[in-house]
Amino acid sequence: MSATQLSQSLAPTARAIVSTDTFKHSPALGAALALLGVKGSIPLLHGAQGCTAAAKVKLVNHFLEAIPLATTAMDEVSTVLGGEENIIQAVLALAKKSQPELVGVCSTALTATRGDDLAGAVRLLRKQQPQLAALPICVIESPDFMGGMQEGFAAAVASLLQTFAEPGAIIAGQITIVVGASLAPGDVQEIKDLVEAFGLDALLVPDLADSLDGHFAASASTAVAQGGVTVERLRLAGRSEQIVAIGASVLPAARLLAERCERPLVSFDHLMTLEAVDDLIRLLMQWSGRAVPERYRRQRRQVQDALLDTHFYFGHKQVALALERDLLTGVEAFLRSCGASIAIGLTPQMGDLHQLEQACGDVDLLISSSQASDLAGRMGVSLYRLGFPIVDRLGNGLRVSVGYGGLLNLLIGIGNQLLIDELAVNDFSSA
Amino acid sequence: MVHAPSNRELLNEPACPHNHAVHGHGADAGSQAAGQGRKKAANGCKQKALPGEAQGGCAFDGSLITLVPITDVAHLVHGPIACGGHSWGTRGSLSSGPTLHRHGFTTDLSEHDIIFGAETKLRQAISAIALEHAPAAIFVYATCVTALIGEDIEAVCRAMAQELSLPVIPVHSAGYRGSKNFGNRLGGQALLDHVIGTRDADDDLTPSINIIGEYNIAGELWSIELLLRVLGIKIQAKITGDGRYVDIAAAHCADLNVVICSKALLNVARTMEQRYGIPFIEASFYGSANVSQCLRQIVDYLVDAQVVPLSLIDDCEALIESQTARMKRRLAPYRARLEGKKIVLYTGGVKSWSIIAAAQDLGMQIVATSVRKSTADDQARMRDLLGPEGILMEKGGASEILRVIDATGADMLIAGGRNQYTALKAGIPFLHINQERHHPYAGYQGIVEMAKEIDESMHSPVWEQVRRPAPWEVTA
Ligand code: SF4
């Protein structure tokens, strides 16, 4: 059953009434994550303190890194009177305390329901505090009801590009790559390495690789994002030779940039199949005029070998998926390309884990975040962890599941899980 | 905001030392009100966040912490996804039976719900949960948005309780009402208003106590339950770790309330004293001296109240002796390696006492501790425990911690999650104390567990490696 068929088969009333074990996360969390891919930034969530605390705990537990995140600390009084003043106070406090290179103001359900005017507050701040004229600020509408984490992430990417990228003379060899929430820091690094191996200059928006890939920095401050793309470089994002979007969620933002700056755009839904990665490599050859480095030629042959070695275990397997849209698209394509079948593919907008449990019959594997670990236990199947958050496995900042390298990881990782499960069944039946 | 008890009513807590500046006395026996810092202390429970800071959880979060450990109840969050999506399956509050509390139910409000009101949706959600999960009760949590748009959850809960013949409990936990601590108290208030006293205990004859303010993180409550069971003392209600709804509903049938390391739930004990004449004691399960004292206090009280025979005092002493001896035996190898080591402690409020107590068992020295969240009384007690050399850190933040570590030549930092990576990246051994931990530290056995972890961390070979200069770094 495909994802769309399933969404039709889920009783619409049931899902409208109460959500049980949702795997949706707030858009503000997604927006904050995207902002962390900008060097020296601090995300500022405009709402009551709890939204910020909850988002911070989730991000810390997943990445095992210090996560800078601030709140405008709305309380009973400011909620009634209007929160614009809180935004101004918060930005002032941050500018003084942490010398950020970017403040990203994100709305939450509370302040969006109130109808707070974020952009207006920033304009007022600029007027009242001329000394902050040079401080880059961007505004992101990320109220809870706009969707999930992926949507908030995409809204932040759109705001970054809209606020900072300017048209101008083309910078030879520069490629802007706009990535969505499905790409983990390790994925971003993989893409950067690949593009740079062709002698091109990769400008990633946002660039989580540098910021959250878990590298040791003894003396750095943790009050602002430590790595990531600089605002200075963001301003050049519209002057690349090419603009590439990876993930359907950020395609609208990338298209807007391409149109505004009159640059050519190519887009990928994912980079999780041999075919998709081949397509990207072909383009890189074309853009750079260079041959494919030997390392990637070899890696491609390794992928082909792994496909052969693992196809016994993937073949005819039924897999249930609960992931955000972009990642779901990629993982579904990957699994099909290995001969596995999708029993169910759910996005958080389509349903929750409880519905997944009820709708899916016998499956061989579940792929979701660690939120599905109780569910996997009840269903008696293994859980392969992808997505967000993963709090019961290490190395989430380093995981790579795109490009030839990522394909190898997926083939071996998921393949091993399927193999282990098969051996366990055999042990059981021969015992 | 409808029918919700006002913040001022709830903040008025005579038994809470945070309130001493107002009331001047309290149930806390050891309290010697110190002069300085009183004004600040009077507001200790509210802890208002400031714009531009990273702050702790909201009142909603606090209510969840207090109530979600009730295992056979459905916890329904009436609000948008930030509240409902962040709040389930994350805490290590263990159950010995039902696991309904591990599910996250939410109305996940849409824009349409917010504009047109979501009381109907809430009603349907309650029905759907009742039908599908047969919970012992449903707790309905208000959040910022539902309070702002004026959802009358009190009325909905009342109507649905009647319709379903099921307890449906409103919790007025709108996040913007205050801090996590304040939310703990709101959770306690919901139990007082709607749960405790609504049912009688099946067995009212066995001497019993309630444990208040212990959430059974990593199963900590169980080690204490075991000790009490040996003494023939029943726990009527666990409020709330590993709790069951009907047990809490009959909590007023117990002989004594034991409040564990929890200022926030003192209002539950105090109100129960007024309403039902149940006295309460404050105790801690951390550190052998505290555990022994706690057991003695419980037994002494029950003997005085003539609900248990006098001989229980001897039984209790025998138990304490055998447990302490066993603990000392198991602690000896760790003590040899840890004795005299210096610790900087950076963790909030009540947690500090537990660690200070455990450190004493281990012969370790606390050279500095954070007093940012402490009342004047607490600060005075800290001063006593740490001695004149000890540093009471008024300021927070990574740089301050690092400065103090430098100044004291400390061997280790014990901190909560927030500072964990700051400390780790600075190359200092640390032990992580918070709700997400996997090991129980309570009771006699817990001290051995903590010793093991402190030892592992302190003597781990990784610290040397993360400090080692890279081959390309020139060392002078
Ligand atoms: S209750 Fe309010 S502050 Fe707390 S998580 Fe929900 S919206 Fe955020």
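Reader: What makes Val77(A), Val80(A) and Leu81(A) a nonpolar patch on the surface?
Author: A patch takes residues with over 30% relative accessible area and no salt bridge; nonpolar side chains (Val, Leu, Ile, Met, Phe, Trp, Tyr) are joined within 5 Å, like charges within 9 Å. Val77(A), Val80(A) and Leu81(A) satisfy the nonpolar rule, so they form a patch. Together they have about 320 Å² of accessible area, computed by the Shrake-Rupley method with a 1.4 Å probe and, for residues, only the protein chains shown as cover. The model is predicted: local features need pLDDT of at least 70, side-chain atom pairs need pLDDT 80 or more, totals for chains, interfaces and linings use all residues, and side-chain values use heavy atoms without hydrogens or water. Residues are numbered from 1 along each chain as its sequence is written; chains are lettered from A and ligands numbered from 1 in the order in which they are written.

Reader: Is Val80(A) buried or exposed, and why?
Author: Exposed. Buried means under 20% relative accessible area, exposed over 50%, partly exposed in between (1.4 Å probe, protein chains only). Val80(A) has 55%, so it counts as exposed. Val80(A) lies in helix H5 (residues 76–81) of chain A; a helix is a DSSP run of H or I with at least four residues, a strand one of E with at least two, numbered from the N terminus.

Reader: Why is the ligand site called shared between chains?
Author: Residues from both A and B surround the ligand, so the site is shared. Chain A gives Ala48(A), Gly50(A) and Cys51(A). From chain B come Cys58(B), Phe60(B), Cys83(B), Thr143(B), Cys144(B) and Gly175(B). The cut-off is a heavy atom within 4 Å.

Reader: How many residues of each class are in that shell?
Author: There are 6 nonpolar, 3 polar and no charged residues. Ala, Val, Leu, Ile, Met, Phe, Trp, Tyr, Cys and Pro count as nonpolar; Asp, Glu, Lys and Arg as charged; the others, including Gly, as polar.

Reader: What makes strand E3 of chain B mostly covered?
Author: In E3(B) (residues 137–142), 6 of 6 residues are buried. One side has Ala137(B), Phe139(B) and Tyr141(B); the other has Ile138(B), Val140(B) and Ala142(B).

Reader: How do you know which strands pair with E3(B)?
Author: Pairing takes at least two DSSP bridges. Strand E1 (residues 73–78) of chain B has 6 with E3(B), running parallel. Strand E4 (residues 168–171) of chain B has 4, also parallel. Ala74(B) is bridged to Ile138(B), and Phe139(B) to Ile169(B) in E4(B).

Reader: Why is Asp242(B) with Arg244(B) called a salt bridge?
Author: The rule wants a side-chain nitrogen of Lys or Arg within 4 Å of a carboxyl oxygen of Asp or Glu. Their closest N and O atoms are 3.0 Å apart, so the pair qualifies. Asp242(B) is buried, at 1%; Arg244(B) is buried, at 17%. Both belong to a salt-bridge network with Glu225(B) and Lys238(B).

Reader: What puts Arg296(B) and Glu317(B) in distant parts of the chain?
Author: Arg296(B) and Glu317(B) form a salt bridge at 2.7 Å. They are 21 residues apart, in helices H14 (residues 288–304) and H15 (residues 312–338) of chain B. Arg296(B) is partly exposed, at 33%, and so is Glu317(B), at 31%.

Reader: How many salt bridges are there over all chains?
Author: The count is 22.
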